[in-house]
Amino acid sequence: MAKRILIIGAGFAATDAALSAARLRALQKVSSDELEITVIAPDPVLTVRPRLYEPNPEKMKVPLLDLFSAVDVNFVSGTVTGIDTDDQSITFENRGNEAQKLRYDRLVLAAGSSLFRPPVPGVDQHTFSVDSIPEAVSLDLHLNGLTKRPDSPKRNTIVVAGGGFTGIEVATEMATRRRNILGPGGDVRVIIVDRSSNIAPDMGDEARPHITQALRQLGIRAITATAITGVDADGVTLSNGERIDASTVIWAAGMRATPLTACINAERDNFGRLLVDAYLAVPGVANVWATGDAAKAASDDLGNHTLMSCQHAKRMGAYAGNNAAASLLNVDPEPYQQRTYVTCLDLGEPGALFTRGWDRKVEATGADAKAIKQEVNTIWIYPPKADRATALAYAKPSSVVDL
Ligand SMILES: Cc1cc2nc3c(=O)[nH]c(=O)nc-3n(C[C@H](O)[C@H](O)[C@H](O)COP(=O)(O)OP(=O)(O)OC[C@H]3O[C@@H](n4cnc5c(N)ncnc54)[C@H](O)[C@@H]3O)c2cc1C
């Protein structure tokens with residue numbers, strides 16, 4: 001009977017895991033009858049999450065079936081609801097049908113993350129997000145529909161909760177998009193609210209002035225060291241007692257790893273990510289690897305760790321898939337490493353900001369950085385074309401996201 005590598009998810013990490021496992025299987029001249037690689041996810045589609053703040057979010061997806069079939073990877077449609085590591089099986093549901101079981105010899109957990117909405121009154125009912133295609137589409141429809149409402153400060157105000165990477169990209173995009181929707185005379189107000197004392201707290205002192213300058217240019221107000229304590233249909237209330245009337249509140253703060261990480265009896269961090277070893281295997285749990293946003297790994301030997309980001313998810317995915325296959329093919333596993341770290345932050349009309357290194361040295365700003373952002377968002381993070389030779393060559397772990 002064929003051995004089975006089962007990969008949960010069809011995102012950045014899972015896709016690259018499947019391709020790299022298929023690459024190693026091909027290099028070892030092992031057939032898919034002897035070693036089966038199966039991906040399980042609700043749909044055979046990669047959602048390009050980093051682009052969901054852009055217009056037309058319904059288009060931000062890539063079909064995967066042709067790519068998988070080019071490299072003999074199977075796809076099962078289903079949402080995994082449980083993992084039994086003693087029995088080496090998972091349980092899944094498919095569109096309301098009875099729960100089914102699937103056995104594995106090696107498991108790669110690559111089911112990603114999702115936005116965490118805190119238990120603040122009204123947040124669940126009254127906030128939009130750009131975390132998934134349905135949520136981003138709902139925001140898009142809402143924004144386009146605002147023109148039909150009477151002009152008022154409330155209609156024209158957008159509050160963005162969170163002044164981190166995603167919050168800034170959303171706010172700068174909204175400032176531009178709302179003006180386009182309302183016309184040049186439109187009195188658009190975009191307000192970022194963040195608990196930290198600084199906007200973009202992780203970006204460092206060299207990069208931050210470029211961000212604050214862009215926010216100023218776009219007329220975006222940043223309220224820092226302040227929490228949102230309530231949201232209702234008419235706006236938000238802040239911890240400093242201020243009330244902001246707003247028809248649009250977008251939650252862009254806080255991510256949590258897939259709840260499936262809790263099915264595995266191993267250590268997790270505050271984001272729910274499984275702490276994995278140098279080979280991205282889960283310590284103390286036989287035959288399980290975790291990767292992408294579902295895992296936290298050392299990214300180098302200088303003390304840096306992976307973040308919930310595409311650049312880490314893709315390369316981690318490639319190493320996890322390779323190493324899961326290696327353990328069935330009697331090949332030595334390869335330690336994951338990713339010494340280079342870059343960020344490219346979209347700032348709307350003023351351009352973008354490109355930094356290199358964990359100390360975030362600014363390498364490009366304005367239109368130059370915007371050109372890099374466009375390349376990242378339209379080429380780097382997309383999977384290879386559905387051609388066997390191209391896909392297998394692409395999936396060499398050390399060359400995935402080689403910056
Ligand atoms: C608005 C936004 C902007 C971002 N901007 C950037 C950026 O500029 N740069 C950057 O590097 N990163 C950015 N990110 C983060 C980046 O998108 C994530 O780090 C990346 O998507 C993680 O990839 P992943 O494959 O681990 O998980 P995901 O992309 O989340 O994919 C998870 C997959 O698992 C599947 N899945 C989930 N649960 C189950 C289940 N129970 N059963 C089966 N399948 C399941 C999902 O359907 C999906 O296919 C952004 C994210 C958002 C939301």
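How many residue pairs are in polar contact between domain 1 and domain 2? There are four, counting pairs with both residues at pLDDT 80 or more. A polar contact here is a pair of N or O atoms within 3.5 Å; within protein, one must be able to donate a hydrogen and the other to accept it, and residues adjacent in sequence count only if both atoms are side-chain atoms.

Before the close-ups, some ground rules. This is a predicted model, where local features need pLDDT of at least 70, side-chain atom pairs count only at pLDDT 80 or more, and totals for chains, interfaces and linings use all residues. Residues are numbered from 1 along each chain as its sequence is written, and side-chain values use heavy atoms, with hydrogens and water left out.

**View 1. Where domain 1 meets domain 2.** Domain 1 covers 3-115 + 255-340, and domain 2 covers 123-251; these bounds come from an automatic or database domain assignment. Their C-alpha centres sit 33 Å apart. Each domain brings 14 residues to the contact, where contact means heavy atoms within 4.5 Å. Together the two domains bury about 1100 Å², and 64% of that is on carbon and sulfur atoms. (Buried area is the accessible area, taken with a 1.4 Å probe, that two parts lose on being put together, summed over both.) On the domain 1 side, look for Leu52, Tyr53 and Leu115: they lose the most area to domain 2, together 56% of what that side buries.

**View 2. The salt bridge between the domains.** Zoom in on Arg49 and Asp131, whose side chains meet in a salt bridge at 2.8 Å, N to O. To count as a salt bridge, a side-chain nitrogen of Lys or Arg has to be within 4 Å of a carboxyl oxygen of Asp or Glu. Between domain 1 and domain 2 the count is one. The residues on the side of domain 1 that touches domain 2 split into seven nonpolar, three polar and four charged. For that tally, Ala, Val, Leu, Ile, Met, Phe, Trp, Tyr, Cys and Pro are nonpolar, Asp, Glu, Lys and Arg are charged, and the others, Gly among them, are polar.

**View 3. Asp43 reaches Arg95.** A search of the whole structure turns up 24 salt bridges, and here is one of them: Asp43 with Arg95, the closest N and O atoms being 3.1 Å apart. The partners are 52 residues apart, with Asp43 in the loop between strands E2 (35-41) and E3 (45-47), and Arg95 in the loop between strands E7 (89-93) and E8 (100-103). Those labels are DSSP runs numbered from the N terminus: helices (H or I) have at least four residues and strands (E) at least two. Asp43 is partly exposed at 37% relative accessible area, whereas Arg95 counts as exposed at 61%. The cut-offs, with a 1.4 Å probe and protein chains only, are under 20% for buried, over 50% for exposed, and partly exposed in between.

**View 4. Asp87 and Arg103.** This salt bridge has its closest N and O atoms 3.8 Å apart. Asp87 sits in the loop between strand E6 (79-84) and E7, while Arg103 is in strand E8, 16 residues away along the chain. Both ends have some exposure: Asp87 is partly exposed at 29%, and Arg103 is partly exposed at 47%.

**View 5. A buried pair, Arg273 and Asp269.** Are these two buried or exposed? Both are buried, and their side chains meet in a salt bridge of 2.9 Å, N to O. Elsewhere, salt bridges that share partners tie Arg49, Asp131 and Asp293 into one network.

**View 6. Two residues with positive phi.** Lys29 has a phi near 55 degrees, a positive value in a residue other than glycine. You'll find Lys29 in the loop between helix H1 (12-27) and E2, exposed at 75% relative accessibility. Asn287 is another non-glycine residue with a positive phi, near 65 degrees. Asn287 lies in the loop between strands E19 (274-275) and E20 (288-290) and is partly exposed at 23%.

**View 7. Asn322 in helix H7.** Helix H7 spans residues 310-329, and Asn322 is buried there, at 1% relative accessibility. Leaving out residues up to four places away in sequence, Asn322 touches Ser20, Ala21, Arg23, Leu24, Glu334 and Pro397.
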